[in-house]
Amino acid sequence: MQKNTKFFQFIKSLKFRLILLILVIAILPSLILCIGVLNSYEARAVSIRESEILSQAKILANQIATSEYMDKGSSEANIIQAQISLLTTIYDGRVIIVDDNFKVYHDTYNLDDNKTIIAEEVIRSFQGQEVTNYDEENHYIEMTIPIIDPDDTSSTVQGVMLISVSTDNIVLNHGYLSQVATIILVIVVVATVFFGILVILYFMKPFGKLSDGIAAIKEGYGDDALQVNDYTETALICKRFNEVIGRMKITDESRQEFVSNVSHELKTPLTSMKVLADSINSMPDAPKELYQEFMEDITSEIERETKIINDLLSLVKMDKSAADLNVTSVNINELLEQILKRLQPIADKQQVELVLESFRPVTAEVDEVKLTLAITNLVENAIKYNRADGEGWVHVSLNADHQYMYLKVEDSGIGIPEESLDQIYERFYRVDKSHSREIGGTGLGLAITRNCILMHRGAIKVHSVLGEGTTFDVRIPLNYIA
Ligand code: ADP
């Protein structure tokens, strides 16, 4: 099984594909070249042989026509006979002379003497044509040439010369060349594949380095950035990989920071409680009123601890990835009225005027519980961080278009310094730690609010002037986008 997967891995590898490519590149052109050259060799050799024989035969035919060779006993007959013999010897062939009665006048093989030949080629030659045929299967060239006296103005065909010449030696040469070509082909393929594989292995090395480097980082060796700069591609992969690792480190650091912040925040009320309890224990004779006062302090620390834990739980629920929104169609005007009604006592206590302005009826697809928490945090902050001279106000307004609802929470409070504006959504961030703690803040409220709004695919923006007031603008789609 393991062997099988290794085999498939090899088949799927870039290495294997490159080897295949090299094989194709090495074999195909060489093969085409060999076949092409060999084929054209045979055709070319036959055609050269044909034209040689034709010119020789033509000279001979002229001599026959002008020499009264056909008249038996002519003095030139022997010379011509000798020339015919020479031609047949040189070309390993056979010559037949046919007279004007289609009778074989002379056959160098002496097989068909005095026979009548009425072949198609012979008839065509008697009409003045030269006919050439190549019999590829049996390896011979056949030629028929009319015997005409060039000085005869009537161009009378006196006879026909039939020549058949063997091309066995051409075929033999072809066979020999094929063998040589095959040997060369094999050598070329083996050499190309061998050097090809060496080159491929050399070129693939940086990818091995890359894989080893990633494995080393995975195993925890070396914190250095991955660097394989042999190719632009490997350098780019390293760059992207280092970016991902960088982002993971940041996430890890922020998680660690969060855990240490949580521990710290949870420990603070516990430390206070311990101090208070120790103090009481060390005063066994303390009056009842002092006990009561200490117990009240301990209760308020417990409440604070509970609030931090509740806020942390809310924050976990608002985690974007763990999003489990319970979306329903909600009348936002009514929702705001309820929230403000619930917060009115706190506003009264702070002597802050709370005003709601609804520009139109708005219904949106939202998670009612989560959105209530988010808006409550904003309005509560606007009340909490307001002025204490009894002149403070909080103005909440609601508007909408066909796509979004717009919520504005404006206050006349202490404002947020510009340099803190980017950080207020961070978990446990507080502009003034002691002031926030005094008024019961945990530093988690805005983080919860922002997460909730992002879960609804909305946006939140803040504008603030120190000492004058703060405005939070929230935009949420009317129809929930999954
Ligand atoms: P907290 O529980 O401390 O209120 P939040 O996350 O709700 O935490 O707010 C973070 C910090 O942002 C607060 O400590 C406060 O300093 C500042 N802040 C939030 N809302 C306002 C506001 N309306 N006016 C002034 N400061 C604000």
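In this predicted model, the largest nonpolar core brings together 51 residues, and among these I332, L371, V379, V394 and M405 are the ones that touch the most other members. Both domain 2 (223-319) and domain 3 (321-477) contribute residues to this core, and it therefore lies between the two. A second core, separate from this one, is made up of 26 residues, including A45, I141, I145 and M161.

V394 offers a way to look at the surroundings of one of those core residues in detail. Once its neighbours within four places in sequence are set aside, V394 is in contact with V352, E353, L354 and V355, with V379, A382, I383 and N386, and also with V409, E410 and D411. V379, which appears among these partners of V394, is itself one of the residues that touch the most other members of the largest core.

Turning to the helix α2, the reader can follow residues 14-66, a run of 53 residues whose first and last C-alpha atoms are 77 Å apart, close to the 78 Å expected at 1.5 Å a residue. Just after α2 comes E68, which takes a positive phi of about 50°.

The ligand has 19 residues around it, of which N381, Y385, S436, T442 and L446 come nearest. For T442, a polar backbone atom is 2.8 Å from an oxygen atom of the ligand, and for L446, a backbone N or O atom likewise lies 2.8 Å from a ligand oxygen atom. The side chain of T470 provides an N or O atom that is 3.5 Å from a nitrogen atom of the ligand.

Technical notes. Residues numbered from 1 in each chain as written. Predicted model: local features only at pLDDT ≥ 70, side-chain atom pairs only at ≥ 80, totals over all residues. Heavy atoms only, no water. Core = buried A, V, L, I, M, F, W, Y, C linked by side-chain atoms within 4.5 Å. Buried < 20%, exposed > 50% of the residue type's maximum accessible area, 1.4 Å probe, protein only. Domains from an automatic or database assignment. Contact = heavy atoms within 4.5 Å. Helix = DSSP H or I, 4+ residues; strand = E, 2+ residues; numbered from the N terminus. Expected span 1.5 Å × (residues − 1). Near = heavy atom within 4 Å. Polar contact = N/O pair within 3.5 Å; in protein donor to acceptor, adjacent residues only side chain to side chain.
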